[in-house]
2 protein chains.
Amino acid sequence: MEYMKPNLDRVFSALADPTRRRIVARLARGEATVMELAAPFKLTQPSVSKHIKVLERAGLVSRSRHAQTRPCRLEPVPLRAVMEWTGSYRKLWEDSFDRLSDFLDANSQTKKKDR
Amino acid sequence: MEYMKPNLDRVFSALADPTRRRIVARLARGEATVMELAAPFKLTQPSVSKHIKVLERAGLVSRSRHAQTRPCRLEPVPLRAVMEWTGSYRKLWEDSFDRLSDFLDANSQTKKKDR
DNA sequence: CCATTATATAGCCAAGCAGGAATATAGCTA
DNA sequence: TAGCTATATTCCTGCTTGGCTATATAATGG
């Protein structure tokens, strides 16, 4: 029941690892056990368990119990928190005729960035 | 040339520190020098410079030169990359009425398209 | 009960990081 | 030139991390 407000330190830190982002991507398609999550990697099982624990402590993953397995499920709240945090800077690139287009125009003579 | 393809490892890692997120928040309101960025913190100047360097290596900050100062500017591309990455999981909380749809409907300021 | 499967824990190591103090560099200004 | 300001660099420390191996726990099937 880790229904607290997401700790952005932990969430960003958890997502800073490519292995963990791949685990997140896998879990986005449904629950998976540790063994299933470990399969695509050349890592050992304990290493994968450690990654899962990091994701769990960040609130990104919750576990259940089923037979001997402890399936992982992706929790959307921290991801949403990341998106909201990032979204607060959205105007930086939305009204960026004064900012973004600076160095875009510097590299290419594209006058207008459409679409 | 680093800002073309944001390295999500570096970007997430850079944003995993609360000091650096505060620096980002400050820079969202305009350019600032190292001294100006360091002012709100009890950190030393070299520590702040180090944080800036991390943000710079992540592509989140670019520097210019003006007199003795080297003002920092926030670069939107990596932030947008984070938002796009996170947004690819958006359906997780959009079509999950069985989970948490209640308190996220409260403030959904998603403006679809304007202009 | 025993054996098997799934997962966790403990301990180790090398690498990285966040902080500081001290010092160096670079660009003004008088 | 000297001296001041802004920033960077170097070196140190303690803490964290990501990987491994080896071992422990937990649940199931016979």
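Around DNA strand D sit 21 residues, and the closest of them are A:Ser47, B:Thr33, B:Val34, B:Pro46 and B:Thr69. Keep in mind as you look that this is a predicted model. The partner strand in this tour, DNA strand C, has 20 residues around it. Below is a walk through the DNA surfaces, the pairing of the two protein chains, the build of chain A, its core and one odd loop residue.

**Where the protein meets the DNA**

- Which elements supply at least two residues each to the surface near DNA strand D? They are helix 4 of chain A, together with helix 3 (34–38) and helix 4 of chain B.
- Sorted by character, the residues of that surface near DNA strand D come out as eight nonpolar, eleven polar and two charged.
- For DNA strand C, the closest residues are A:Thr33, A:Met35, A:Pro46, A:Thr69 and B:Ser47.
- Two or more residues apiece come to the surface near DNA strand C from helix 3 (34–38) and helix 4 (45–57) of chain A, along with helix 4 (45–57) of chain B.
- The surface near DNA strand C splits into eight nonpolar, ten polar and two charged residues.

**How the two chains pair up**

- On the chain B side, 24 residues are in contact with 24 residues of chain A.
- Four elements of chain B give two or more residues to the side that touches chain A: helix 1 (8–15), helix 2 (18–27), helix 5 (76–87) and helix 6 (90–94).
- Helix 5 of chain B gives the most to that side, with seven residues.
- What is this side of chain B made of? You'll find 16 nonpolar, four polar and four charged residues there.
- To lay chain B over chain A, you turn it by 180° with 0.0 Å of shift along the axis, and the RMSD is 0.0 Å. That is how a two-fold axis relates copies.
- The copies meet through the same surface, because 96% of the interface residues of chain B are also interface residues in chain A.

**How chain A is built**

- Chain A has seven helices and two strands.
- Reading from the N terminus, the order of its elements is α-α-α-α-β-β-α-α-α.
- Chain A has 115 residues, and 27% of them count as buried.
- Take the contacts in chain A between residues at least 6 apart in sequence: 49% of these join residues at least 24 apart.

**The nonpolar core**

- The largest nonpolar core holds 42 residues, and A:Leu60 and B:Leu60 touch the most other members.
- Which residues does A:Leu60 touch, leaving out those up to four places away in sequence? The set is A:Val11, A:Ala14, A:Val24, A:Leu55, A:Leu74, A:Glu75, A:Pro78 and A:Leu79.

**An odd alanine in a loop**

- Most residues other than glycine have a negative phi.
- A:Ala67 goes the other way, with a positive phi near 55°.
- Where is A:Ala67 found? Look in the loop between strand 1 (61–63) and strand 2 (72–74) of chain A.
- Is A:Ala67 buried or exposed? A:Ala67 counts as exposed because it has 7 C-beta neighbours inside 10 Å, and the cut-off for exposed is 12 or fewer.
- In chain B, B:Ala67 has a positive phi of about 55° without being a glycine.
- B:Ala67 lies in the loop between strand 1 (61–63) and strand 2 (72–74) of chain B, and with 7 C-beta neighbours inside 10 Å it counts as exposed.

Note on methods: Residues are numbered from 1 along each chain as its sequence is written. Chains are lettered from A and ligands numbered from 1 in the order in which they are written. This is a predicted model: local features need pLDDT of at least 70, side-chain atom pairs count only at pLDDT 80 or more; totals for chains, interfaces and linings use all residues. Two residues are in contact if their C-beta atoms, placed from the backbone, lie within 7 Å. Ala, Val, Leu, Ile, Met, Phe, Trp, Tyr, Cys and Pro count as nonpolar, Asp, Glu, Lys and Arg as charged, and the others, Gly among them, as polar. A residue is near a molecule or strand if its C-beta atom, placed from the backbone, lies within 6 Å of it. A residue is buried if 20 or more other C-beta atoms lie within 10 Å of its own, exposed if 12 or fewer, and partly exposed in between; C-beta atoms are placed from the backbone. A nonpolar core is a set of buried Ala, Val, Leu, Ile, Met, Phe, Trp, Tyr and Cys residues joined through C-beta atoms within 7 Å. Copies are superposed by least squares on the C-alpha atoms of residues with pLDDT of at least 70 in both.
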